[in-house]
Each structure stands twice: as C-alpha cells, then as structure tokens.
Amino acid sequence: VRTTLNADSCILDSEIVGFKDGNIVPFYEGIQSHDKCELSMRLFDVLYYNGANLLGRPLKERLSILYKVVPEDLIASGFTVSSYEALMSKYDEIVSMGHEGIMVKCLSEGYHPGRRHRSWMKLKKSRDTLDVVLVKANYGSGELGGLYSSFRMAVKHPSKMVLYEIG
C-alpha cells in the first residue's frame with residue numbers, strides 16, 4: 001500500500017478481510033482456521049494527510065481525500081441511503097454475500113477515535129441468542145448525555161436463583 005499512496009504522509013483506517021476459494025471468510029472463522037486464506041486490506045478513512053489533522057472534518061470530506069490518496073480498489077465499498085427500508089435492503093444484500101454486517105456512519109460527522117459515538121453503529125446479524133437480564137446501565141454524559149450505554153448483562157444459573165454477570 002505504501003508505494004501506491006499519493007501523499008507525503010498520512011494515517012489511514014482499515015480492516016483486513018479474509019477470502020478462501022473466492023468467498024469471504026468471516027473474521028472469527030479466518031483467525032481460527034488452520035487452512036490458509038487470502039488476506040486483503042480495505043481502507044475506509046483517512047485521519048491525517050500531509051500534515052493536516054482530519055479528525056474534526058466531516059466523513060464526506062475525508063472520503064474525498066481518501067479517494068485521492070489511495071487506489072480505489074483498496075477502498076472499502078460504501079453506499080448512501082435516505083430511508084430505513086433502503087438501508088435494510090442493502091444490509092440484507094451485503095450479509096447474503098458473506099459479510100458479517102455493515103458500519104452505518106453519518107457523513108457530516110468528524111472521526112471519534114477509541115470510543116463509541118452516536119455518529120456510527122455496527123449493524124450485524126446475531127449469531128446466537130441468549131436469555132439475559134439487564135443488571136446495570138451507565139447514564140451517559142458529555143456527547144452521550146441523555147443516553148444509556150455500557151450495559152451489563154447477566155444470565156441465570158440453570159437450577160439456582162443466581163445471576164452471573166457476563167458483560
């Protein structure tokens with residue numbers, strides 16, 4: 001990637017995707033598999049470019065810069081929707097292709113490293129279901145003020161009246 005960059009300096013955000021026999025390998029399977037799979041990097045954001053900190057700039061602007069910095073075939077595919085129905089239709093299409101899910105991001109927001117933020121969310125298909133009890137939730141402050149976050153869940157012992165926190 002370094003030799004294909006159109007920048008003197010930059011910091012890029014990316015993910016690694018595994019492929020086997022031309023099909024996407026879910027990440028949790030790829031890292032546990034002893035069979036070799038082809039790995040491919042997909043870039044999806046630029047945080048720093050030629051001396052400029054881009055964290056506070058809107059995603060739409062950062063994506064425009066990203067397309068100038070790296071070849072398009074290295075950039076993760078994306079799409080824009082204007083309704084919930086369109087979003088879920090694209091989600092179903094992408095999951096049917098073997099992806100675990102999608103990231104939903106607000107084009108007008110800056111980048112918020114190392115923490116959850118209301119400007120993005122992961123939308124994934126659930127793999128398993130559990131009966132859990134909500135035992136604690138933190139009431140957010142600052143940018144997350146007015147929202148509950150950092151939930152603590154518990155499961156019941158199969159034969160005793162005891163709850164065990166699981167995260």
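Strands, in the account that follows, are DSSP runs of E that span at least two residues, and they are numbered from the N terminus. By that convention Thr 3 falls in the segment before β1, the strand that covers residues 10-20. The model described here is a predicted one.

Thr 3 is a convenient place to enter the chain. Its relative accessible area is 77%, and because exposed residues are those over 50%, Thr 3 counts as exposed. Although their positions lie 67 residues apart along the chain, Thr 3 and Val 70 have C-alpha atoms separated by 9.7 Å.

The overall architecture may be considered next. The protein chain contains three helices and nine strands. In sequence order these elements follow the pattern β-β-α-β-β-α-α-β-β-β-β-β. Along the principal axes, the C-alpha atoms fill a box of roughly 60 × 45 × 30 Å. The radius of gyration of the protein chain is 20 Å, whereas a compact globule of 167 residues would have a value near 15 Å. Of these 167 residues, 20% count as buried. The accessible surface comes to about 12,200 Å², and carbon and sulfur atoms account for 52% of that area.

Two further properties concern the chain as a whole. Among contacts between residues at least 6 apart in sequence, 48% join residues at least 24 apart. The protein chain carries 21 positive and 20 negative charges, and the mean positions of the two sets are 6 Å apart.

Individual residues give these totals a local setting. Asn 50 occupies the loop between β3, residues 38-49, and β4, residues 52-53. The phi angle of Asn 50 is near 45°, a positive value in a residue other than glycine. With a relative accessible area of 34%, Asn 50 is described as partly exposed, since that class lies between the limits of 20% for buried and 50% for exposed.

Further along the chain, Leu 74 is found in the loop between α2, residues 59-69, and α3. Its relative accessible area is 18%, and Leu 74 is therefore buried, the cut-off being under 20%. Leu 74 and Glu 15 are 59 residues apart in sequence, and their C-alpha atoms are 11 Å apart in space.

Helix α3 itself, residues 84-96, includes Tyr 91. This tyrosine has a relative accessibility of 9% and so counts as buried. Which residues does Tyr 91 contact, leaving aside its neighbours within four places in sequence? They are Gly 101, Ile 102, Leu 123, Lys 124 and Lys 125. One of these partners, Lys 124, is 33 residues from Tyr 91 in sequence, with a C-alpha to C-alpha distance of 8.8 Å.

The strands β5, residues 101-105, and β6, residues 120-124, are joined by a loop that holds Arg 116. The numbering of these strands also places the contacts of Tyr 91: Gly 101 and Ile 102 are among its partners, as are Leu 123 and Lys 124. In contrast to the buried Tyr 91, Arg 116 has a relative accessible area of 68% and is exposed. The C-alpha atoms of Arg 116 and Ser 149 are separated by 9.3 Å, although the two residues are 33 apart along the chain.

The aromatic side chains complete the description. A search of the whole structure finds one aromatic pair. This pair is formed by Tyr 139 and Tyr 148, whose rings lie 5.1 Å apart, centre to centre, with 65° between the planes. The arrangement is classed as edge-to-face, because that term applies to planes over 60 degrees apart. Are the two members of the pair, Tyr 139 and Tyr 148, buried or exposed? Both are exposed.

Terms used:
Residues numbered from 1 in each chain as written. Predicted model: local features only at pLDDT ≥ 70, side-chain atom pairs only at ≥ 80, totals over all residues. Heavy atoms only, no water. Helix = DSSP H or I, 4+ residues; strand = E, 2+ residues; numbered from the N terminus. Rg over C-alpha atoms; globule rule 2.2 N^0.38 Å. Buried < 20%, exposed > 50% of the residue type's maximum accessible area, 1.4 Å probe, protein only. Contact = heavy atoms within 4.5 Å. Areas by Shrake-Rupley, 256 points an atom, 1.4 Å probe, with all protein chains shown as cover. Lys, Arg positive; Asp, Glu negative; His and termini not counted. Charge placed at Lys NZ, Arg CZ, Asp CG, Glu CD. Phe/Tyr/Trp six-rings, centres within 6.5 Å; stacked < 30°, edge-to-face > 60°.
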